[in-house]
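Please open the model in your viewer and keep the sequence panel visible beside it. The tour below proceeds by selection, and each stop states what is to be found there.

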Amino acid sequence: MDFFSRGYTALRGDRGQPQSADETIEKLADCLETATLLEDRRAGVLSLKGLVRDWPEEVGNKSFPGLIKVLHADYKDAEITKSVLETITILCTVQYQNDKDDKGFKFTDYFIEDSHNVTVLLDILEEFDFYVRYNTIKLLSNLLSNRSKRIQECILTNPMGISRLVDLLDDKREIIRNEGLLLLIGLTRNNTEVQKIVTFQATFEKLLGIIEEQEGISGDIVVQDSLTLMHNLLRYNVSDQVYFRETSCMQQIPGLLGYVGDARADHVPFSFEDWPPQKIANTVLVLQLIRILTEPDSTSTPINQKVMVQSGILLPIVQLGLCSNAPSIVRTEAIYAISYVAAANTVNQGLFEKVAVACPPPFTVNGEIDLSAAPTTPRSSLLALISIAVNGDKGFNYSYSSRAAATHAIYCTLDENKEAQAVLAATLKPPPQDNFNKTTPAHSAGSLLLHVIENWEDALTDPYKVWFACDILSHIIRDNEKAKQIAGSIVFGEEEKGEDPVPLLHHITAHLLMSTKNPQTNARIPIGYLCLLCTWLYDSPSSVSLFLAESTHVQFEMQSSVNDPVVQGLVAYLLGITYEYNSDPSTPLDRGKLQSIYSSRLDQFNSLLARLRDHPAIKNASQYLQISAEDESISSSTNSLPSLILDSVFVDQFKSTYEMIQRSIKKKPSNFSRFETDSPIPSSPVVPDSVIQSYKTTIQEQTNEIKLLKDKVAELEAALNKKENDSRNELLKLQEQNALLQHHVSDIEGKLKSVDNTDYKSKVDLLEKELLAEKEKFSELEKEQEDLLVCMSDQDSDIKKYKKRLREMGEVVTDSEDEEE
């Protein structure tokens with residue numbers, strides 16, 4: 001009743017007259033500042049809380065300092081603290097994020113200007129009262145959302161601040177724990193120091209405990225928030241990854257994903273599970289966590305790969321990616337997880353290649369599993385990846401993003417592993433003809449690729465089928481002469497039946513030429529063939545010789561009628577490769593003959609190469625092969641193809657060799673002889689990485705020093721020019737003054753001669769004094785002029801010294817004075 005009477009009195013006024021809102025708020029704000037009794041301050045705060053939603057600007061402008069004062073003085077009182085926190089939270093809530101003048105930003109800046117205001121909020125978190133804790137977290141979240149960097153700085157200055165925030169994860173009240181979790185997610189975003197301190201509060205152990213309590217990836221959104229916080233703590237933070245690994249938290253990741261079947265069986269069984277939306281989101285976050293821990297080029301990646309594989313991560317991700325009914329987004333992330341775990345790790349690549357997986361079960365016309373069908377034979381994991389990439393499993397229609405992920409996974413399992421490339425190249429044999437009459441041909445990895453590559457007419461509605469097959473074959477033979485020789489030895493046509501044997505390289509070229517003549521062919525099919533041929537012939541004189549064995553290939557390539565700029569640019573690039581690497585002695589068309597063919601079109605080749613270089617497919621290529629979810633969604637909704645045209649690996653090759661190929665096609669054949677011999681080129685001595693790095697460091701330091709010196713020279717030249725101009729102007733002024741003085745002296749002397757010495761003696765004395773004063777002034781000006789000339793001489797010496805240092809460092813410096821002479 002006391003509160004209502006006080007509130008009524010405040011609204012009524014001193015003489016019982018109703019007051020305006022401004023007057024009432026002003027009185028309540030004054031109460032906060034001057035009241036000595038806790039009850040009076042509590043009444044004032046409660047009244048302001050009731051008014052703040054209708055008059056936020058007025059309440060904030062007049063009572064914000066008083067509210068902060070009460071927060072500092074009375075935070076031990078739960079009721080008044082709760083009301084103050086709610087009022088300040090309303091004032092700091094931003095209504096329009098794009099409006100910089102929003103009152104929420106203004107009051108947030110006022111509150112966090114003094115870091116002690118944030119410190120008192122962290123102290124309040126020690127109070128166990130539900131509403132006090134809840135409103136403190138909500139206010140901190142509001143402040144963090146508005147001014148994240150400043151809040152991070154304020155919290156870092158408090159020794160116990162982060163510890164109190166992490167302790168919220170232990171709160172048994174789910175609402176407090178969940179709100180604290182969201183606050184930590186925002187706090188740890190993009191701040192390495194905060195991430196480290198949060199990590200060393202045993203946060204990973206608490207988060208894994210929460211996830212286990214929520215039944216793993218089958219849990220609710222709290223699992224998603226816990227995994228998101230783990231992402232923030234581990235992404236790009238090597239020290240946190242070391243802690244995560246050393247505390248055995250990394251070893252628990254396989255258990256989060258789960259595995260359906262017996263891990264000791266000879267193959268991974270097919271998994272059928274229910275996939276509600278929240279389970280999908282949680283699973284994707286766990287798979288992305290694996291990718292964070294195995295990010296390419298990170299110093300901690302090799303040890304993280306080793307620990308995770310030893311913990312049994314391969315089987316769960318292989319099952320999710322290659323043999324399950326998982327949704328497309330889960331399958332895609334699982335396949336990328338396989339890529340990251342195996343990339344540049346020969347041991348993990350070998351373990352993955354040995355894994356056998358179940359084939360997808362046959363389906364009836366109604367889309368149900370055909371239980372009457374005979375059980376399928378397990379297949380290798382690489383064959384499963386190829387089947388996904390070329391969409392070769394009957395009854396399954398894989399998404400474009402999953403197919404791109406499968407192609408990238410094959411690249412990662414073969415990267416820096418020439419032995420695996422040769423093994424896979426050995427499977428490049430067409431299966432017996434009678435197998436193609438069966439419902440499910442018994443394909444090997446290589447035979448499936450060849451089957452897709454030579455049947456491009458079946459892929460007119462799905463050009464990525466041929467594109468992915470060509471891309472995979474290019475990864476098999478990339479930078480591996482042995483694999484190229486194996487592929488080059490494959491022939492089509494049976495001599496027993498009177499058929500001419502056709503090498504695989506010619507077979508692919510023939511399909512390329514035929515596909516370009518079909519008006520229904522999508523450009524991605526010839527692009528796939530051309531990228532494969534460019535990879536095959538690159539840095540392989542024997543392959544170039546085999547390609548040129550069919551002399552019509554060059555003519556047909558030059559006469560291609562396809563108007564697509566990427567196809568035209570790739571044709572020019574391919575012909576440039578045939579010219580650059582045509583050094584095999586047995587080549588049927590040497591460089592002299594090729595030059596006579598190319599010479600009339602050199603300008604056209606250069607323009608086509610430049611056009612390809614500037615094409616979005618080259619300039620906007622992603623870091624790795626992928627089709628984004630947005631691209632997939634647009635493709636699905638518009639019934640069109642994704643924007644993917646070129647593989648990122650091929651783009652890197654093109655960028656690194658573009659200038660070399662462009663220069664090569666301009667060179668005369670005689671210019672190559674100085675660098676090429678029939679004898680093998682001796683291998684270059686191996687230079688340690690440390691030496692190379694030291695050279696790079698020295699070069700970088702010298703480059704920086706040269707840049708600084710250049711900037712200094714430019715600055716000195718500008719200063720010298722300015723001083724020269726100033727000196728010239730000053731000299732002209734002095735000369736003018738000198739002329740005036742001389743004229744004045746002449747006038748005085750003339751007057752002296754014409755006047756009577758007796759009558760004008762006093763005037764003469766006066767004029768002599770004036771003359772003396774003018775001469776002194778002239779002497780001072782001459783002295784200043786001499787000082788300026790000395791300064792100019794010093795500046796000129798400094799410039800010559802810096803130019804000399806630049807010449808000693810190998811830079812070309814033009815001496816402007818010499819040029820003028």
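## Stop one: a buried proline

Select Pro503, which is buried at a relative accessible area of 16%; buried means under 20%, exposed over 50%, and partly exposed in between, with a 1.4 Å probe and protein chains only. The model is predicted, so local features need pLDDT of at least 70 and side-chain atom pairs count only at pLDDT 80 or more, while totals for chains, interfaces and linings use all residues. Residues are numbered from 1 along each chain as its sequence is written, and side-chain values use heavy atoms, with hydrogens and water left out.

Pro503 belongs to strand E4 (residues 502-503). Helices (H or I, at least four residues) and strands (E, at least two) are DSSP runs, numbered from the N terminus. Now add Leu546 to the selection: 43 residues separate Pro503 from Leu546 in sequence, yet their C-alpha atoms are 8.6 Å apart in space.

## Stop two: a cysteine without a bond

Select Cys470 next. Is Cys470 buried or exposed? Cys470 is buried, with a relative accessible area of 1%. Its sulfur lies 8.6 Å from the closest cysteine sulfur, that of Cys531, which is too far for a bond. A disulfide is a pair of cysteine sulfur atoms within 2.5 Å, and a search of the whole structure finds zero of them.

## Stop three: salt bridges between helices

Side chains of opposite charge can pair when their charged atoms come close. In this structure there are 26 salt bridges, each being a side-chain nitrogen of Lys or Arg within 4 Å of a carboxyl oxygen of Asp or Glu.

Select Asp22 and Lys62, a salt-bridged pair whose closest N and O atoms are 3.8 Å apart. Asp22 lies in helix H2 (residues 21-34) and Lys62 in helix H4 (residues 56-74), so this pair ties together parts that are 40 residues apart in sequence. Both ends are partly exposed: Asp22 at 37% relative accessibility and Lys62 at 34%.

Proceed to Glu33 and Lys69, where the closest N and O atoms of the salt bridge are 3.9 Å apart. This pair also links distant parts of the chain, with Glu33 in helix H2 and Lys69 in helix H4, 36 residues apart. Glu33 is partly exposed at 36%, and Lys69 is partly exposed at 43%.

Select Arg173 and Asp171 for another salt bridge, with closest N and O atoms 3.0 Å apart. Here Asp171 counts as buried, at 8% relative accessibility. Then select Arg42, Asp77 and Glu79, which are joined into one network by salt bridges that share partners.

## Stop four: positive phi angles

Most residues other than glycine have a negative phi. Two residues to inspect against that background are Asp297 and Ala344.

Select Asp297, whose phi is positive, near 70°. Asp297 sits in the loop between helix H17 (277-293) and helix H18 (301-310), and it is exposed, with a relative accessible area of 82%.

Select Ala344, which has a positive phi of about 55°. Ala344 is placed in the loop between helix H20 (328-342) and helix H21 (346-354), where it is partly exposed at 47%.

## Stop five: two glutamines in loops

Select Gln251 in the loop between helix H15 (238-246) and helix H16 (253-257). Gln251 counts as partly exposed, at 32% relative accessibility. Add Gln310: the two residues are 59 positions apart in sequence, and their C-alpha atoms are 8.4 Å apart in space.

Move on to Gln623, in the loop between helix H35 (616-619) and helix H36 (629-638). Gln623 counts as exposed, at 77% relative accessibility. Add Val651, which is 28 residues away along the chain, with 9.8 Å between the two C-alpha atoms.

## Stop six: a negative surface patch

Which residues form the negative surface patch? Select Glu776, Glu780, Glu782, Glu784, Glu786 and Asp787 to display it. Patches are made of residues with over 30% relative accessible area and no salt bridge; like charges are joined within 9 Å, and nonpolar side chains (Val, Leu, Ile, Met, Phe, Trp, Tyr) within 5 Å. Lys and Arg count as positive and Asp and Glu as negative, with His and the chain ends not counted.

Finally, centre the view on Glu782, found in helix H39 (residues 761-808). Glu782 is partly exposed, with a relative accessible area of 37%.

Terms used: Accessible areas come from the Shrake-Rupley method with a 1.4 Å probe; for residues, only the protein chains shown count as cover. The place of a charge is taken as NZ of Lys, CZ of Arg, CG of Asp or CD of Glu.
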